[in-house]
Amino acid sequence: MTTLSTPPPGSTNRTSKTAPSDGSSRRGARAPARRRGNTGFVLACLLPALVLFAVFMVVPTMNVFRTSFYTWSGFSPEKRFVGLDNFRHLLDDDQFVRAFQNTVALLVVVTVVTMGMGLFLAAIMTRQRLRGRNLYRFVLYIPNVLSVVVIAAIFSAVYDQNNGLLNGTLRLLSLDGLQQVWLGNQKIVLYSVAFAMVWQSLGYYMVLYMAGMASIPEELYEASALDGASHTRQFFAITLPLIWQSLRTTLTFFVMSAVNLSFVLVRAMTGGGPNGSSEVLLSYMYKQAYTNSSYGYGMAIGVVIFAFSFLVSLLVSRATRREPLQF
Amino acid sequence: MRRSLVLTGAVVTALGLLAGCSAGGDSSDSGKTTLKVAALEGGYGRDMYTQVIKQYEASHPDIDVQLQISKSIEDEITPNMKAGKYPDVVVLGQGRKAALTETLIKDKALEDLTPVLKEKVPGENTTVGDKLTKGIVGNLNTNPYGTDKTYLMPMYYAPTGLVYNKGLFEQKGWTVPATWDEMFALGDKAKKQGIPLFTYPTAGYLDSFFFALLADVGGEQFYKDVMTYKKDVWKSADARKALDITTKLLGYAAPATVGYANEQDFTKNQQLILDNKALFMPNGTWIVGEMADAPRAKGFQWGLTPLPAVTAGGKRYLTTSVESAWVPSAAQNKDAAKDFIAYLYSDKAAKIFAKSNAIQPIEGIADTLTGENAEFYKLYEDPSVSALVGGFASTAPVQGVDIKATLFDTANSVISGDTTEAKWQSALNDASEKLREAGD
């Protein structure tokens, strides 16, 4: 295994040297002009995207930050500036604290489980030449194409306490003691949501990891096999370090999905209930901003979500930084 | 090939942008006034509105009524309202999840409709105020700030209470309990036969239960005190008694209740009544239409009863849900809007509405009803039963405080044992205090 980062230096020089001398000088003379022409063209091409980005991303985000300093119902022309009051209220709002805890719990549980299982399945599918692995991949990927509302409906049926798939199976296996009110028990409901999230995203991450693993040269495995490395050893010494970059990228995805996906799922499946025990940050923000007429307060929660996901992504990215390995 | 792809992409993007920018322009060049009406498509359907509007347009040729109607009307009109384009008339009650009406009340963004009460109904000789049932105007539901100014016109009213299967009671020879003692005795009796006494679709439906209970326990003044956040009202003996009764009742709840008490599954709780797997649930007259296609036990018959009395012979209240029509103060055609609202109370309109079971609070209309509805509305004729209208008073919004959620949703935790009655009481007290301070 070698660690190369850039293409061999001088490779471009070599080609220009072999080229005819007048040709190279002509190219040298024309290059700046074309670059200037390019800049204008590139800018013109980028402009629509930049404008859209500014109008639909930057401005609204700034608005969120600005509104979080006001008390505003969302309709009236009157906004009252209250400084950091909204943020101060957040600190003694038990519901907010619980929503925050739930979001963090979902983030940790879903990330660990999805990533672990995704890696495991991807490794098995790429390395073990499993029969019918295309079918498995297809089946595991399907949930990712489904709308979250459909997933919520599916899981409502799965978790149904009387005729649900889960309790029905337990009854069939005479494990009646393990039956639960999956969406009604306040201690379990969050994990029920977490499981649905894992089910939804597992296939996606598995395919991502598989793509990374497929590009690892076979020789590395052959060589290590000759040296007597077991499959587990190969996984930790070869596979994992070589797909480290894709792993890092997916970690950021996990942060985003824990914040966004959980909202849609919770809203469609439990509505934050029973009694707020499955409330997550975004659903609480939605409730405050749109049904409790405290738009400014909702935006303050939005700012916290922004800062939180930004910070976590940054920390994760810092903590997992390694020298990129290449093969 | 590649270039053509790029080109296609660019064209599609450009078209998308253009489509996004080209919002429909106004087309009111014909000299007609365009009256924009937005209505919630509730259990009554949309036909009745189109018919009423057709009649109205026939008698008012200079007005063009544009109807926007939807099951989630809030989602459709809110974006435009934020952009300053307000509908002229909105038919939408309080107590909806999106709380649009409540928000506008808190904002003081509604037009004063007191003059409409004195206006003559178009084409008739009586005023709107004279046509309305007595007592339907002047409560917190129509005069949300507790003054004598009416901002919300009561459109349709429906009694809510405890819904049960009349057929089952006949088969078993049970009588519908008239006091809470009888209620709990029945609960024990039914339990032996494997039927739980109580369930609710979602905790939010407890509004039909709680408001009436508060008035049953402490009288109308106490109810008003609770709704206007009187100091320490939740620490009073009456409040405690109401919570005592509720906690005891929740102890009789069907085990499935909490697990199904969400937007996705609440009909399964309603189904418990149809299947004789629970005796009572708080609900309203719309349940008949809502569950019309659901399978049911043999001999099933819808019944509705007020809450049992606290003491024998005591006064009982029926929480009455009232949908309202209102005019945003930012509306363009306010005068036309007021005239249109007055028309909604005309005999012609009332007849069309009543055909769709939308019963307006107009004197004498309840006598014309048939079927289940006749029985439901007959409850008001019992001299010991009174209608109870209204809800929590509006205050300036308070961050993180939602007293309805504290009052209703906590029931889930009481059933599952995650909280205690004492904690519930103190949480209610906290929320009430914060709201009172905001109202002052």
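**Exercise 1. State how local or long-range the contacts of each chain are, and set this beside the content of helices and strands.**

Step 1. In chain A of this predicted model, 70% of the contacts with a separation of 6 or more come from residues 24 or more positions apart.

Step 2. For chain B, 76% of the contacts between residues at least 6 apart in sequence join residues at least 24 apart.

Step 3. Chain A holds 13 helices and two strands. Chain B holds 19 helices and eight strands.

Step 4. Burial is counted per chain. In chain A, 34% of the 327 residues count as buried; in chain B, buried residues are 48% of 440.

**Exercise 2. Decide whether the dimensions of chain B agree or disagree with those of a compact globule.**

Step 1. The expected value comes from chain length: for 440 residues, a compact globule would have a radius of gyration near 22 Å.

Step 2. Chain B has 24 Å, so the value agrees with that expectation.

Step 3. The extents along the principal axes of the C-alpha trace of chain B are about 75 × 70 × 50 Å.

**Exercise 3. Describe the domains of chain B and the contact between them.**

Step 1. The assignment gives domain 1 of chain B as 33-155 + 324-359, and domain 2 as 159-320 + 393-439.

Step 2. Their C-alpha centres are 30 Å apart.

Step 3. Nine residues of domain 1 of chain B touch 10 residues of domain 2 of chain B. On the domain 1 side, these are four nonpolar, three polar and two charged residues.

**Exercise 4. Characterise the side of chain A that touches chain B.**

Step 1. Count the participants: chain A gives 34 residues to the contact and chain B gives 29.

Step 2. Assign the chain A residues to elements. Those giving two or more residues are helices H3 (85-91), H4 (94-127), H6 (148-159), H11 (244-269) and H12 (281-291) of chain A.

Step 3. Sort the residues on the chain A side by class: 11 are nonpolar, 22 polar and one charged.

Step 4. For the complex, the predictor gives an ipTM of 0.75 and a pTM of 0.79.

**Exercise 5. Locate the largest nonpolar core and identify what contributes to it.**

Step 1. The largest nonpolar core has 189 residues, and those touching the most other members are A:Val193, A:Leu265, A:Leu281 and B:Val89.

Step 2. Helix H8 (residues 189-214) of chain A supplies the largest share of this core, 13 residues.

Step 3. Domain 1 and domain 2 of chain B both give residues to the core, so the core lies between them.

Step 4. Take one of its members in detail. Beyond its neighbours within four places in sequence, A:Leu265 is in contact with A:Val148, A:Ile151, A:Ala152, A:Val193, A:Ala196 and A:Met197.

Step 5. As background, nonpolar side chains tend to be buried together in soluble globular proteins.

**Exercise 6. Examine the positive phi values at A:Asn275 and A:Ser293, and state where these residues sit.**

Step 1. Most residues other than glycine have a negative phi.

Step 2. A:Asn275 has a positive phi, near 50 degrees, and belongs to the loop between H11 and H12 of chain A.

Step 3. A:Ser293 is not a glycine either, and its phi is about 50 degrees. A:Ser293 lies in the loop between H12 and helix H13 (295-319) of chain A.

Step 4. Test burial, for which the cut-off is 20 or more other C-beta atoms within 10 Å. A:Asn275 has 24 such atoms and is therefore buried. A:Ser293 counts as buried because it has 29 C-beta neighbours inside 10 Å.

**Exercise 7. Trace the surroundings of B:Val414.**

Step 1. B:Val414 belongs to helix H18 (residues 410-416) of chain B.

Step 2. B:Val414 has 23 C-beta neighbours inside 10 Å, so it counts as buried.

Step 3. Outside four places in sequence, the contacts of B:Val414 are B:Thr247, B:Leu250, B:Thr419 and B:Trp424.

Step 4. B:Gly251 is 163 residues from B:Val414 in sequence, yet the C-alpha to C-alpha distance is 8.4 Å.

**Exercise 8. Report the confidence of chain B and a stretch to treat separately.**

Step 1. Chain B has a mean pLDDT of 87, with 93% of its residues at 70 or more.

Step 2. The pLDDT is below 50 over residues 20-28 of chain B, and this stretch has one contact beyond near neighbours in sequence.

Note on methods:
Residues numbered from 1 in each chain as written. Chains lettered and ligands numbered in written order. Predicted model: local features only at pLDDT ≥ 70, side-chain atom pairs only at ≥ 80, totals over all residues. Helix = DSSP H or I, 4+ residues; strand = E, 2+ residues; numbered from the N terminus. Buried ≥ 20, exposed ≤ 12 C-beta atoms within 10 Å, placed from the backbone. Contact = placed C-beta atoms within 7 Å. Domains from an automatic or database assignment. Nonpolar A, V, L, I, M, F, W, Y, C, P; charged D, E, K, R; others polar. pLDDT = per-residue confidence, 0-100. Core = buried A, V, L, I, M, F, W, Y, C linked by C-beta atoms within 7 Å. Rg over C-alpha atoms; globule rule 2.2 N^0.38 Å.
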